[in-house]
Amino acid sequence: MKRYSKRIKILAVTLSLSVVLLSCNESFLDKSPQDQPNPANFFVNETSAQNANSAIYNFWLRDARLHGRDLWIILDAMTDDANWRSNRAESIQQEKWDIYPTHIPMVNYWTQVYRSINAANFSIEGIPTSTDASFTDEKRAQYIAEARFM
């Protein structure tokens, strides 16, 4: 009787391990929640296209320093077009063109620019997949052109 119970235990453990190891695969783990927007279900109608295009601008407005002071410094004050007195260490470095890869204003600027480009590409690729019949091709072309402009 002990012999059979030992075999049953070994069989149960083997069966349990094979079920655990074979039941999970990558496609099972990579699913997005169905109740939240994701690239597969986001573009439905004109409103979703408008929201996606509005998100392109969000990255420029998210960081107040970028949209306000630092953007002006990067685009204008570092040229001979403006008279600028810097008082922050970061700004003094920019004024002297002593900019290195971890310079915070430049890192913020380029990070936000590329996030904006990524959002524009998301709109350009996703708007044509809208499923609403009332969202005409003419309107789709307008929203795609707006995203390309950014």
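Student: Which residues make up the largest nonpolar core?
Tutor: This is a predicted model. Its largest nonpolar core has 10 residues. They are W60, L71, I73, I74, A77, M78, W84, M106, Y109 and V113.

Student: Which elements give two or more residues to this core?
Tutor: The core draws on residues such as L71 and Y109. Two elements give it two or more residues. They are α4 (64–77) and α6 (104–126).

Student: Where does the largest share of this core come from?
Tutor: The largest share is four residues. The element that gives them is α4.

Student: How many residues are in the other core that lies apart from it?
Tutor: The other core includes F43, A49, Y143 and I144. Its residue count is seven.

Student: What is the pattern of the protein chain, read along the sequence?
Tutor: The protein chain has zero strands. It has seven helices. Along the sequence, the pattern is therefore written with helices alone: α-α-α-α-α-α-α.

Student: How are α6 and α7 oriented to each other?
Tutor: Two packed helices are described by the angle between their axes and the distance between the axes. For α6 and α7 (residues 137–149), the axes are 9 Å apart and the angle is about 160 degrees. Angles over 145 degrees count as roughly antiparallel. So α6 and α7 are roughly antiparallel.

Student: Is the crossing of α6 and α7 left-handed or right-handed?
Tutor: The two helices pack with their axes 9 Å apart. Where α6 passes α7, the crossing is left-handed.

Student: Which residues of α7 meet α6?
Tutor: On the α6 side, the residues are A120, S123 and I124. By class, the contact has four nonpolar, one polar and one charged residues. The α7 residues are I144, A147 and R148.

Student: Is N53 buried or exposed?
Tutor: N53 is found in helix α3 (residues 46–62). Its relative accessibility is 5%. Buried means under 20%, so N53 counts as buried.

Student: Which residues does N53 touch, not counting residues up to four places away in sequence?
Tutor: S123 and A147, which take part in the meeting of α6 with α7, are among them. Y143, a member of the seven-residue core, is also touched. The full list is S123, I127, Y143, E146 and A147.

Student: What is the relative accessible area of A49?
Tutor: A49 lies in helix α3. It belongs to the core of seven residues. A49 is buried, and its relative accessible area is 0%.

Student: Which residues is A49 in contact with, leaving aside its neighbours within four places in sequence?
Tutor: F43 and Y143 share the seven-residue core with A49. Both are in contact with A49. The list is F43, I127, F135 and Y143.

Student: How many Å separate the C-alpha atoms of A49 and S130?
Tutor: Along the chain, A49 and S130 are 81 residues apart. Their C-alpha atoms are separated by 8.3 Å.

Student: Is T131 buried or exposed?
Tutor: T131 lies in the loop between α6 and α7. Its relative accessible area is 64%. Exposed means over 50%, so T131 is exposed.

Student: Which residues is T131 in contact with, leaving aside its neighbours within four places in sequence?
Tutor: T131 and V44 are 87 residues apart in sequence. Their C-alpha atoms are 5.3 Å apart in space. T131 is in contact with F43 and V44.

Student: Is H103 buried or exposed?
Tutor: H103 is found in the loop between α5 (89–95) and α6. It touches E90, Q93 and Q94, not counting residues up to four places away in sequence. Its relative accessible area is 0%. H103 is buried.

Student: Is F149 buried or exposed?
Tutor: F149 has its place in helix α7. The C-alpha atoms of F149 and A120 are separated by 8.8 Å. At 68% relative accessibility, F149 counts as exposed.

Student: What percentage of the residues of the protein chain count as buried?
Tutor: The protein chain has 150 residues. N53 counts as buried, whereas L61, in the same helix α3, is exposed at 52%. Over the protein chain, the buried share is 27%.

Key:
Residues are numbered from 1 along each chain as its sequence is written. This is a predicted model: local features need pLDDT of at least 70, side-chain atom pairs count only at pLDDT 80 or more; totals for chains, interfaces and linings use all residues. Side-chain values use heavy atoms; hydrogens and water are left out. A nonpolar core is a set of buried Ala, Val, Leu, Ile, Met, Phe, Trp, Tyr and Cys residues joined through side-chain atoms within 4.5 Å. Buried means under 20% relative accessible area, exposed over 50%, partly exposed in between (1.4 Å probe, protein chains only). Axes are lines fitted to C-alpha atoms, for helices over the stretch in contact, and angles run from 0 to 180 degrees between N-to-C directions. Angles under 35 degrees count as roughly parallel, over 145 as roughly antiparallel, 65 to 115 as roughly perpendicular and the rest as oblique. A crossing is left-handed if the near helix is turned anticlockwise from the far one by less than a right angle, and right-handed if clockwise. Contact means heavy atoms within 4.5 Å. Ala, Val, Leu, Ile, Met, Phe, Trp, Tyr, Cys and Pro count as nonpolar, Asp, Glu, Lys and Arg as charged, and the others, Gly among them, as polar.
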